[in-house]
Amino acid sequence: MRRPTSSLVAALLLAAAGLAAGPQGAAAGDFADAKKTFKKGLESDDPAVRRQAFAALADHDGAAAVDEVASVLGRETDASVLLAGVRTLSAFRTPEATNAIVAAAKAAKGPKRLLLLVALRDQRGDGGKDFLAETATGTDPQAAAHAALGLGAKGVAGAADTLLGLLAHKDWQVRSAAARALAMLGKNAGKEAGPRLLAALDAAEGRDRTDLVDALAAVTGQDFQDDPAAWKALLAGTAPAQVARAPRATTYFAGVAVRGKRVVLILDHSNCTDDPHPFQERTRLQDVCKVPGARDVPWMKLTTTADFLKAHGARLVNDLPEARSVGFVSAGGPRLDVRLVRPQPATAGTKAAIVKEIESMKAETGLDVLGAIQAALDAGGKEPASWALGPDEIVYMGCGGPWLAPVKDTALVGAAAGLRARLRCVPVHMVGVGAHHTDMFRTIADLSGGRYVNLAR
């Protein structure tokens, strides 16, 4: 085999250096065409066309493409387009692209910075880990939460000490993010993780309890739910089979544990709630009315979807301990009913007022899904008050899709509701009954860190 000449080696090295530095020659021409197509797509008034525009840059994994996408995140207002931009960035893999995302995040402020952090945390590999570690211990709690999640998602085992330290943060969102990140690290979180997580669980009062329970399960390989005494015994060396179990009382909604300190419930009462519920076999109806560790939701007289939603909603409200706060949004018809949206202590009076509203709901034409979730997210006030005073858990149950509403595009509703909740670190559990819009429900739950429950049948 003929050895390459020194001039050929030099040419190859020069070409490699050129590719690392950015588009050149034919590649530059390809990128110029892609950039032109991208910018043309962004000129459209149709969000679907603007979303599709990012596909032009998908094969140009490098700093130049990052700069183009990042510039859009600073000026675009449609959430579905922003989500497309974030997903484009997170799909890039080259070190040049990662470094460019980090540089853009360092220079950005406000929502743009958070969106870049979300893109970085969703990107595979441990690129940007030093920036994430620095941000996780910074003074901006919202950025710190997303950076912590990024360290977990990237599997940065060396970040365990940083994450364990964040378990004592004053903001529940940061504590929750640290617990979720440690759960992603699993047994790589180290020997100190178990005791530190248990100490945090002992002190926790809201949604972070669920994330701490999940983290304890991930780092130990055991599952004792919200049972500090059982976890203590396990960590002290007791064999799992010998550990006595006495978990603290937990409120459940459609099988989802709801441990939030400030919970907002949203129920749909659009026209689809007049339909017969989809659980016509008695055994199936009984199954979807079971509540772990407690009596069933009364199922005997449920005939319509409205009956089903009302029964589950009333049960959630009545099961919440008085140490929690609860708010309610009634979604259906030409207007949202948000009179009770602001979470109030779950006293007998508060519960009675919400249950009365639930029982009075009647099927109406129209449904503003996005408006309902936005109202719940802003129940404690808009930015920045929402970070400290807003809900830490939202539960939505419904059967309908958005119609006769300001925003009817299900892709936009899913992206806008899910992305906004994700930036706030508020999980939204989406429970779909009957022929609901599965993609929209799943998008909102997945983006926000909530649970999606499909009760189509």
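## A walk through the model, starting at E364

Select E364 to begin: its relative accessibility is 33%, so this residue counts as partly exposed. Before you go on, keep in mind that you're looking at a predicted model.

E364 sits in the loop between α17 (348-360) and α18. Show what surrounds E364, skipping its neighbours within four places in sequence, and you'll find contacts with H269, S270, N271, G332, G333 and P334. Now add A246 to the selection and draw a distance between the two C-alpha atoms: E364 and A246 are 118 residues apart in sequence and 44 Å apart in space.

**Zoom out**

Switch to a cartoon of the whole protein, which has 21 helices and eight strands. Its C-alpha atoms fill a box of roughly 85 × 60 × 45 Å along the principal axes. Does the overall spread look compact or extended? A compact globule of 457 residues would have a radius of gyration near 23 Å, and the 25 Å of this protein agrees with that. If you colour by accessibility, 52% of the 457 residues come out as buried. Long-range links show up too: of the contacts between residues at least 6 apart in sequence, 68% join residues at least 24 apart.

**Helix α18 and the loop after it**

Next, select residues 369-377, which make up helix α18. How many of its nine residues are buried? Eight of them are, so the helix is mostly covered according to the under-20% cut-off for "buried". The buried ones are V369, L370, G371, A372, I373, A375, A376 and L377. At the start of α18, show the side chain of D368: one of its oxygens reaches to within 2.8 Å of the backbone nitrogen of G371.

Keep going along the chain to E383 and P384, which are joined by a cis peptide bond with omega at about 0°. P384 belongs to the loop between α18 and α19 (385-389).

**Strand β3, by way of A376**

Go back to A376 and add L265 to the selection. These two are 111 residues apart along the chain, yet their C-alpha atoms are separated by 8.0 Å. L265 lies in strand β3 (residues 262-268). Is L265 buried or exposed? L265 is buried, with a relative accessible area of 0%. To see what is around L265, leave out its neighbours within four places in sequence and show its contacts: F253, G313, L316, V317, G327, F328, V329, I358 and V395.

**Two positive phi values**

Jump to L404, in the loop between β6 (393-398) and α20 (410-424). L404 is not a glycine, but its phi is positive, at about 50°. At 58% relative accessibility, L404 counts as exposed.

Then follow the chain to C425, in the loop between α20 and β7 (428-433). C425 also isn't a glycine, and its phi is positive, near 65°. Unlike the exposed L404, C425 is buried, with a relative accessible area of 9%.

**Helix α21**

Select residues 438-448 for helix α21, where M440, F441, I444, A445, L447 and S448 are buried. What covers these buried residues? The cover includes α5 (79-91), α18, β6, α20, β7 and β8 (452-455), so turn on those elements one at a time if the view gets crowded. Just after α21, click on G449, which takes a positive phi of about 90°.

**A helix pair: α4 and α6**

Hide the rest and show α4 (residues 63-73) with α6 (residues 95-107). Their axes come within 8 Å and cross at roughly 35°, and the crossing is right-handed. Put side chains on the contact: A63, V66, D67 and A70 come from α4, while E96, A97, A100, I101 and A104 come from α6. Coloured by class, this contact shows seven nonpolar, no polar and two charged residues. A general point helps when you read such a pattern: an α-helix has 3.6 residues a turn, so residues three or four places apart point the same way.

**Last stop: D211**

Finish in helix α13 (residues 208-220), where you'll find D211. Buried or exposed? D211 is buried, with a relative accessible area of 4%. Leaving out residues up to four places away in sequence, D211 touches S176, A179 and R180.

Note on methods
Residues numbered from 1 in each chain as written. Predicted model: local features only at pLDDT ≥ 70, side-chain atom pairs only at ≥ 80, totals over all residues. Heavy atoms only, no water. Buried < 20%, exposed > 50% of the residue type's maximum accessible area, 1.4 Å probe, protein only. Helix = DSSP H or I, 4+ residues; strand = E, 2+ residues; numbered from the N terminus. Polar contact = N/O pair within 3.5 Å; in protein donor to acceptor, adjacent residues only side chain to side chain. Axes fitted to C-alpha atoms, helices over the stretch in contact; angles between N-to-C directions. Left-handed = near helix turned anticlockwise from the far one by under 90°. Contact = heavy atoms within 4.5 Å. Nonpolar A, V, L, I, M, F, W, Y, C, P; charged D, E, K, R; others polar. Rg over C-alpha atoms; globule rule 2.2 N^0.38 Å.
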